[in-house]
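Reader: I have a structure open on my screen and would like some help reading it. Could we go through it together, feature by feature?

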Amino acid sequence: MNEQHTDEEHKQEMDSMVEERETTAQEPAPEVDITEGAEEDDRIAELMKLADENQQRYLRAQADFDNFRRRTAKEREELAQYASMKLLGQLLPVVDNFGRAIEAAKAGGDGESFSKGVDMIFRQLEGVLDAEGLKPMDVVGQPFNPEFHQAIMQVESDEYEEGIVVEEVQKGFMLKDKVLRPAMVKVSG
């Protein structure tokens, strides 16, 4: 807005300069070569035209930038809104298979085949998550690291030396190279 105000002030200054020249042109001028004044007026007119063209270019560039900013904000908003679409599409078959397993259990199917079916569905789910970059942490026997582990208890252990993870209470996961959820662990003391 300040730039527009400055541009308006600049245009007013230019207009007042032109009016001043016109006013002084109406006054009797000292004897001057007429061609020199005409050349100067032509030069002023040329500069005014150039200033108007630059003003128009500036306003178009500003409008283009505003449109670009609005468009990218809208795209960013849509991306955030639909970011999980691909993952959810990959999980739908897993949900379908869980539904079939529940129906089979209600029908009174064989317990062993139900167990195998649920195991297959679990492996299918792990495959989808693995393809998205989700990896479980292997923590037992590793030195305690607060960036990857959340210690909930310190226990005495003959098997491990001090500061080593003895037991995993809740599995931790990495998403690509970042910790998604730290492993909840018991540490030897």
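Author: Happily! One term to begin with: two residues are in contact when they have heavy atoms within 4.5 Å. Also keep in mind that this is a predicted model.

Reader: Thanks. Then which residues is H149 in contact with, leaving aside its neighbours within four places in sequence?

Author: With that filter, the contacts of H149 are V139, P143, F144, V165, P182, A183 and V185. H149 itself lies in strand β2, which covers residues 149-155.

Reader: Is H149 buried or exposed?

Author: The cut-off for buried is under 20% relative accessible area. H149 has 7%, so it is buried.

Reader: And S115, for comparison: what is its relative accessible area?

Author: S115 comes out at 47%, which means it is partly exposed. You will find S115 in helix α4. Its C-alpha atom is 9.8 Å from that of A105, a residue 10 places away along the chain.

Reader: Now for helices. How do I describe two that pack together?

Author: Two packed helices are described by the angle between their axes and the distance between those axes. Here, helix α3 (residues 85-106) packs with helix α4 (residues 111-131) at an angle of about 175 degrees, and the axes are 10 Å apart. That angle makes α3 roughly antiparallel to α4.

Reader: Which residues make the contact?

Author: From α3 they are L87, Q90, L91, P93, V94, N97, F98, A101 and A105, and from α4 they are F114, V118, I121, Q124, L125 and V128. Sorted by class, the contact has 12 nonpolar residues, 3 polar ones and no charged ones.

Reader: What span should α4 have, and what span does it have?

Author: α4 has 21 residues, and at 1.5 Å a residue it should span 30 Å. Its end C-alpha atoms are 30 Å apart, so the two agree. Just after α4, look at G133, which takes a positive phi of about 100 degrees.

Reader: On to the sheets. What should I know about side chains in a strand?

Author: In a regular strand, the side chains alternate between the two faces of the sheet. As for the sheets in this model, one is an open sheet of 3 strands in the order β2-β6-β3, with mixed pairing. β2 and β3 (165-170) are at the edges and have a single partner strand each, so one side of each has no neighbour in the sheet. From one strand to the next, the twist averages 30 degrees.

Reader: How many bridges join β3 to β6?

Author: There are 4 bridges between β3 and strand β6 (residues 183-188), and the two run antiparallel. To see a pair for yourself, find Q170, which stands opposite M184 in β6.

Reader: What is the strand order in the antiparallel sheet of 3 strands?

Author: That open sheet has the order β1-β4-β5. Its edge strands are β1 (134-136) and β5, and each pairs on one side only. Its twist averages 35 degrees from one strand to the next. β1 and β4 are joined by 3 bridges, and K135 has M174 in β4 as its bridge partner.

Reader: And how do β4 and β5 fit together?

Author: Strand β4 (residues 173-175) pairs with strand β5 (residues 178-181) in the antiparallel sense over 3 bridges. Opposite F173 you will find R181 in β5. These strands form a hairpin with 2 residues between them, and K176 in the turn has a positive phi of about 55 degrees.

Methods. Residues are numbered from 1 along each chain as its sequence is written. This is a predicted model: local features need pLDDT of at least 70, side-chain atom pairs count only at pLDDT 80 or more; totals for chains, interfaces and linings use all residues. Side-chain values use heavy atoms; hydrogens and water are left out. Axes are lines fitted to C-alpha atoms, for helices over the stretch in contact, and angles run from 0 to 180 degrees between N-to-C directions. Angles under 35 degrees count as roughly parallel, over 145 as roughly antiparallel, 65 to 115 as roughly perpendicular and the rest as oblique. Ala, Val, Leu, Ile, Met, Phe, Trp, Tyr, Cys and Pro count as nonpolar, Asp, Glu, Lys and Arg as charged, and the others, Gly among them, as polar. Buried means under 20% relative accessible area, exposed over 50%, partly exposed in between (1.4 Å probe, protein chains only). Two strands pair if DSSP finds at least two bridges between them. The expected span of a helix is 1.5 Å times one less than its number of residues.
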